[in-house]
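The exercises below invite a careful reading of one protein chain, and each task is followed by a worked solution. Please look over the sequence and the structure before you begin.

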Amino acid sequence: MIIVHHLNNSRSQRVLWMLEELELPYEIVRYQREPTMLAPESLKKIHPLGKSPVLEDNGNIIAESGAIIEYLQETYDAESRLKPLAAQDKLQYRFWLHYAEGSLMPLLMMKLVFGSLGKAPVPWLLRPVGKALGQGVQKAYLNKQITTHARFIEDSLGKSPWFAGQAFSAADIQMIFPIVALVQRGGINDLPNLQAWLKNAQMRPAWQRAIQKGGPFDLPGA
């Protein structure tokens with residue numbers, strides 16, 4: 001039996017979605033975030049990094065959502081339902097599968113961190129300085145970078161309805177987490193292609209089943 005170590009409001013929601021798309025049976029072991037928003041220490045009993053998601057299957061313990069998604073596709077998707085076969089689409093598939101965490105999520109995590117410098121748990125005496133610092137970094141660097149990435153994604157989705165071409169793939173599953181974070185933290189308007197993609201993704205029955213099993217998916221804003 002496949003076991004998913006699932007943290008609420010985390011990247012592990014993608015793994016549940018992948019499993020639902022593949023119609024595989026699995027078991028969920030649930031974890032709740034600490035008040036600090038970090039994962040609980042108990043996750044370190046499963047993997048030394050103490051992060052989610054972690055997948056257990058056939059004696060393997062696999063961390064990192066991208067690695068898990070690739071493992072599931074290679075192991076259980078014999079008909080390539082979730083990986084394109086055309087050469088150009090395959091290149092796009094590989095790009096977006098790695099872009100999600102390699103390029104986009106670091107910027108969005110930085111925005112979350114710098115947007116929180118004026119709030120608890122930062123000591124109240126330091127919050128005015130923290131707020132000013134956070135706003136300065138966002139204005140001078142982060143907001144411009146995030147806008148560039150948002151426009152790049154918008155233009156890409158103007159060429160095809162899904163990230164790897166005309167058909168839904170595991171690249172779309174990998175991109176759901178940073179896209180939701182981008183919508184909530186980016187403060188960017190006029191992205192009709194991105195909004196259409198998000199609507200179509202969240203209308204998929206497998207996504208809705210994953211939400212029912214995994215719980216609400218609501219990432220904190222900046």
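**Exercise 1.** State how confident the predictor is in this protein, and find which helices have the lowest and the highest mean pLDDT among its elements.

*Solution.* Start with the whole chain: this is a predicted model, and the protein averages a pLDDT of 89, with 92% of the residues scoring at least 70. Then turn to the elements, among which helix α4 (residues 127-159) has the lowest mean, 83, while helix α2 (residues 65-76) has the highest, 97. Keep in mind that where pLDDT is low, the predicted coordinates should not be read in detail.

**Exercise 2.** Check the span of helix α5 (residues 170-185) against the expected value, then locate its bend and decide how far the helix is enclosed.

*Solution.* First, take 1.5 Å for each residue beyond the first; the 16 residues of α5 should therefore span 22 Å, and the end C-alpha atoms, 24 Å apart, agree with this. Second, look for a change of direction: α5 bends by about 40° at Ile176, and the proline Pro178 follows within four residues. Third, apply the cut-off for burial, which is under 20% relative accessible area; 14 of the 16 residues of α5 are buried, so the helix is largely enclosed by the rest of the structure.

**Exercise 3.** Work out where the buried residues Leu194, Trp197, Leu198 and Ala201 of helix α6 sit around its axis.

*Solution.* Begin with the burial itself, since Leu194, Trp197, Leu198 and Ala201 of α6 are buried. These residues cover an arc of only 100° around the axis, which puts them on the same side of α6. Finally, examine the face turned away from the buried side of α6, where the exposed residues Lys199 and Met203 are found.

**Exercise 4.** Describe how strands β3 (residues 54-57) and β4 (residues 60-63) are joined, and examine the backbone of Asn58 and of Glu64.

*Solution.* The two strands, β3 and β4, run antiparallel and are joined by four bridges; in one pairing, Glu56 has Ile61 of β4 as its bridge partner. Two residues lie between the strands of this hairpin, in which Asn58 takes a positive phi near 55°. Moving on, Glu64 lies in the loop between β4 and α2 and has a positive phi near 75°, although this residue is not a glycine. With a relative accessible area of 55%, Glu64 is exposed.

Key
Residues are numbered from 1 along each chain as its sequence is written. This is a predicted model: local features need pLDDT of at least 70, side-chain atom pairs count only at pLDDT 80 or more; totals for chains, interfaces and linings use all residues. Side-chain values use heavy atoms; hydrogens and water are left out. The bend at a residue is the angle between axes fitted to the seven residues ending there and the seven starting there. Buried means under 20% relative accessible area, exposed over 50%, partly exposed in between (1.4 Å probe, protein chains only). pLDDT is the predictor's confidence in each residue, from 0 to 100. Two strands pair if DSSP finds at least two bridges between them. The arc is that of the directions from the helix axis to the C-beta atoms.
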